[in-house]
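Here are my notes for you to read alongside the model. Keep the 3D view open and look up each residue as you reach it.

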Amino acid sequence: MSVSLGTPISSLMTNKRRVSALKSLGLVTVGDALTYYPFRVSDPVAPRALREAYPGQPMAFAAQVRQVRVVPMNARRGFRLEAIVDDADFARTRNIGGAIARLVFFSGKRQYIDWLSARMHSGVDVVVAGEPTEFNGQLQFTHPEVLTIDPDPSGSADSGSAGPTGAGTSRHMVDADSEEEALRRVCRPRPIYHATSRISSEHIHESVLGFLDLLRRDDAAESGDTAADASQLADIDTVESAASAAAVLRQAIPDIVPESIRSARGLMHRAQAFLAIHDPQSTEEFHQAIAAMRYEEALVSQVSVLQSRQHARRTQARACIEDSLRDMFIASLPFKLTGGQREVIDDIAADMAQNYPMQRLLQGEVGSGKTVVAVSAMLQAVGAGYQAVLVAPTQVLAEQHYRTISAMTNGDSMRVVMTLLTGGMKLSARRKALARAASGEPGIIVATHAAFSSTFQAPNLALVVIDEQHRFGVEQRESLRSRSDTTPHLLVMTATPIPRTAAMTWFGDLDISWLTELPGGRKPITTVVVPEADARTMAAMFTHVRGRIDAGERAYVVCPRIDMDEDADDADGPGEDGFEAFDDGLGDERAQNAAVGRLRAGSGRGGAGSRRSTGPGGSEDIEPKPPLHAVAEIAQRLQSLPQFEGIAFATLTGRDDDATKAQVMADFTAGKTPVLVATTVIEVGVDVPQASCIVIFDADRYGLSQLHQLRGRVGRGGTDSWAFLVSRAEPDSIAAQRLEVIHHSLDGAEIAQADLELRGAGDVLGDAQSGGKSGLKLLRVVKDAAIIRDARADADALLDSDPDLSHAVQLAGAVLDFTRGGESQIVSS
């Protein structure tokens with residue numbers, strides 16, 4: 001059968017267990033397998049004689065098998081094969097004396113042992129690669145890689161050739177024609193793949209090489225290349241043969257990057273890159289191939305986002321030119337807009353005045369005034385006689401937006417129709433809200449995910465504002481934009497810090513605005529890192545929080561978990577949790593230190609997660625991390641402290657229903673419960689001006705961007721504010737270094753860049769934004785900003801000269817596949 005990149009693996013492999021294991025990795029077709037890239041490549045193995053061996057250091061050598069024996073294992077079922085090999089001839093070429101070593105193989109399957117015995121009979125020449133050890137005073141290799149060498153490379157013997165003992169070596173059991181060829185193969189760097197318990201990296205590698213071989217064979221057969229017979233195609237052992245194999249593969253694996261771009265960039269052909277990745281001749285060649293495929297992903301993604309932008313420009317939108325209502329709103333504000341706010345509002349006004357849809361991303365620091373900008377944009381739509389919808393990720397935030405915007409837009413000088421639509425509304429109120437939206441009456445609709453339901457219709461919709469854009473999928477956002485006869489303008493907002501280079505190079509279909517200047521009256525937040533083991537500092541922190549509460553302010557306490565693990569529930573009493581260290585700081589210091597020590601050790605309880613430490617000989621031992629603190633646990637223990645005597649506490653988690661969340665927030669805002677112990681449910685958009693303190697437990701276990709978001713929940717009322725980051729990180733650890741970054745900086749972009757350097761792009765942008773569901777397997781959104789910039793320039797020039805990609809058919813197909821996956825705006829997904 002003909003083999004192509006789209007051929008199902010199940011039609012090529014008879015081993016159904018292997019097929020199932022590959023499928024569990026997402027590998028269904030040959031193309032899937034070739035784009036399952038190794039995450040690293042091993043170092044080349046050095047050829048050494050046995051007398052040059054060092055225990056634990058991989059090596060390769062040529063030898064002759066002197067003796068083979070199979071021994072049943074008495075202690076357990078199975079067999080042990082031992083082969084004694086002598087490297088005298090190979091050692092002589094290195095001007096050193098020969099030696100012997102034992103090769104040992106264990107297996108419960110007699111067939112496997114018999115197969116090994118047939119290959120490694122006495123007298124056969126082999127090349128061995130493995131890690132030497134010493135056993136009973138003799139050099140030993142356990143389960144090494146063994147290649148047998150053809151004693152008659154000329155092929156004069158049809159069925160076999162006689163060894164010294166007269167035993168024949170079948171041609172199908174020969175792995176290499178010469179010792180030099182075999183050494184080249186075992187000494188080359190090897191790709192290492194992410195494996196599972198169902199399939200090893202070696203078996204993944206073996207499968208991928210098999211698919212490449214089938215592609216070469218199939219194409220050679222179709223082209224009638226008689227020189228490309230099975231023996232020549234089975235192995236690629238030299239640079240010349242690798243180049244020849246790549247030439248054969250080019251017909252089966254066409255290049256996606258146009259020839260002009262590939263040549264200008266000095267990139268490998270796609271077929272050559274696949275060979276160099278899965279069967280590299282050197283580490284340099286491997287990395288060159290990875291760079292080529294990384295650039296391919298960048299080009300495909302950038303062509304996709306630029307085509308999306310061009311498509312948007314060709315669709316019709318409602319031009320919103322009337323700005324009197326917007327100007328009236330700005331004039332009514334009790335404060336003066338910052339220069340940044342004014343500039344962004346003007347940019348949005350210019351975009352919305354066009355008859356094609358605006359697509360703009362507003363990246364704003366926490367508390368930088370994004371809501372005022374959004375309201376100004378929505379009032380421009382309402383003033384022009386249209387509807388605007390603001391979609392918030394949670395009901396708490398939607399209700400808060402509704403109250404805030406209603407107060408800002410309904411006064412003596414103006415009246416704006418406001419509609420609230422959430423999933424937690426009573427049926428009668430929900431029907432009323434849906435009916436008002438369906439009427440097309442000009443106004444502002446504030447909604448949650450309910451706006452994405454099929455029952456929501458807004459026929460006069462001119463503007464969609466998405467708050468915290470990374471919490472909504474592309475499909476949801478596009479479904480809302482497709483509800484109207486024309487395409488509404490789009491403004492997406494986020495306070496998640498994204499490094500500027502990443503935002504500028506990745507949000508290709510969006511214009512980008514930044515708000516970095518804090519509004520007048522906002523004071524910088526004082527950030528303090530508090531070691532949990534420091535009892536006196538912990539006590540002083542709680543005393544400070546109590547002082548702010550007594551002054552009429554509020555305090556958040558954030559924990560990473562809702563409940564303790566089941567095995568932690570039986571720990572009660574102050575002696576078990578170490579919280580006696582958090583008293584007024586006047587107790588016995590030795591007792592406090594002992595208690596804190598128990599707390600740091602987890603009091604013998606299992607923790608969430610673990611950490612690795614290097615043991616003797618470089619081995620890694622898994623040590624349990626201290627258990628993460630939970631909302632219920634911390635609320636109970638803080639209430640027992642003398643610092644909080646007489647203070648009412650409330651808790652808030654994602655498990656609470658919408659009505660409970662609304663009541664808890666109302667009581668917290670009113671001061672009935674001035675301390676709110678919560679999970680990160682408060683991370684986005686919660687605005688309580690009286691909140692001046694936030695205590696974040698296990699701060700060393702959060703990403704910096706999330707800590708920056710949480711810190712932004714306080715200081716919104718113009719008072720002094722504090723963020724206390726309670727940490728159990730070891731001094732000089734990466735976690736401690738990360739906390740020092742946020743300790744010294746309030747700049748979100750700077751924090752995101754540092755988080756990137758210390759943790760990686762996935763933690764800065766989040767899995768859903770950095771390609772977790774996408775076709776991007778090599779491209780790193782932030783680290784590869786320079787590559788994306790180059791690809792953007794090439795994509796721009798290519799689309800200018802060939803808008804339909806009629807002269808780049810393979811690239812057009814790849815872009816279509818990419819876009820069909822909902823990936824035209826990866827970071828938004």
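1. Let's start with cysteines. A disulfide is a pair of cysteine sulfur atoms within 2.5 Å. How many disulfides does the structure hold? The count is zero. Remember that you are looking at a predicted model. Two cysteines you can look up are Cys187, which is buried with a relative accessible area of 13%, and Cys559, which is buried too, at 0%.

2. Now for the greasy part. The largest nonpolar core has 60 residues, and Ile9, Leu34, Leu215, Ile253, Leu299, Val303 and Leu811 are the ones that touch the most other members. Several elements give two or more residues to this core, including α1 (16–24), α2 (30–34), α6 (201–223), α28 (785–801) and α29 (809–820). Which element gives the most? That would be α11, with eleven residues.

3. Take Leu811 as an example from that core. Setting aside residues up to four places away in sequence, Leu811 touches Ile256, Pro258, Leu299, Val300, Val303, Leu798 and Leu805. Apart from this core lies another one, of 39 residues, and among them are Leu333, Met378, Leu397 and Met414.

4. On to charges. A search of the whole structure turns up 29 salt bridges. One to find on screen joins the side chains of Arg66 and Asp86, at 3.5 Å from N to O. Arg66 sits in strand β3 (residues 59–72) and Asp86 in strand β4 (residues 79–86), so this pair ties together parts that are 20 residues apart in sequence. Are the two partners buried or exposed? Arg66 counts as partly exposed, at 44% relative accessibility, while Asp86 is buried, at 18%. The cut-off for buried is under 20%, so Asp86 at 18% falls on the buried side.

5. Stay with those strands for a moment. Glu82 and Arg69 also form a salt bridge, and their closest N and O atoms are 3.1 Å apart. Here Glu82 belongs to strand β4 and Arg69 to strand β3, with their positions 13 residues apart in the chain. Glu82 is buried, at 10% relative accessibility, whereas Arg69 is partly exposed, with a relative accessible area of 42%. Don't stop at the pair, though: Arg69, Arg80, Glu82 and Arg102 are linked in a network of salt bridges.

6. Here is a bridge that reaches further along the chain. The side chains of Asp175 and Arg119 meet at 2.1 Å, N to O. Asp175 lies in the loop between β9 (145–148) and α5 (179–187), and Arg119 in helix α4 (residues 110–119), 56 residues apart. This time the acid is partly exposed: Asp175 has 22% relative accessibility. Arg119 is buried, with a relative accessible area of 7%.

7. Try a quick ruler check on helix α15 (residues 395–409). At 1.5 Å a residue, its 15 residues should span 21 Å, and its end C-alpha atoms are 21 Å apart, which agrees. The buried residues of α15 include Val396, Leu397, Ala398 and Ile405, but also Gln395, Glu399, Gln400 and His401. At the start of α15, a side-chain oxygen of Thr394 comes to within 3.1 Å of the backbone nitrogen of Leu397.

8. Next, some backbone angles to look at. Most residues other than glycine have a negative phi. His143 is not a glycine, yet it has a positive phi of about 50°. You'll find His143 in the loop between β8 (138–142) and β9, where it counts as partly exposed, at 40% relative accessibility. Asp698 also has a positive phi, of about 55°, without being a glycine. Asp698 lies in the loop between β24 (691–696) and α24 (704–711), and it is buried, at 1% relative accessibility.

9. Last stop: Pro254, in the loop between α8 (239–249) and α9 (259–265). At 28% relative accessibility, Pro254 counts as partly exposed. Which residues does Pro254 contact, leaving aside its neighbours within four places in sequence? They are His269, Arg270 and Gln810. The C-alpha atoms of Pro254 and Ala271 are separated by 7.2 Å, and the two residues are 17 apart along the chain.

Note on methods:
Residues are numbered from 1 along each chain as its sequence is written. This is a predicted model: local features need pLDDT of at least 70, side-chain atom pairs count only at pLDDT 80 or more; totals for chains, interfaces and linings use all residues. Side-chain values use heavy atoms; hydrogens and water are left out. A nonpolar core is a set of buried Ala, Val, Leu, Ile, Met, Phe, Trp, Tyr and Cys residues joined through side-chain atoms within 4.5 Å. Buried means under 20% relative accessible area, exposed over 50%, partly exposed in between (1.4 Å probe, protein chains only). Helices (H or I, at least four residues) and strands (E, at least two) are DSSP runs, numbered from the N terminus. Contact means heavy atoms within 4.5 Å. A salt bridge is a side-chain nitrogen of Lys or Arg within 4 Å of a carboxyl oxygen of Asp or Glu. The expected span of a helix is 1.5 Å times one less than its number of residues. A polar contact is a pair of N or O atoms within 3.5 Å; within protein, one must be able to donate a hydrogen and the other to accept it, and residues adjacent in sequence count only if both atoms are side-chain atoms.
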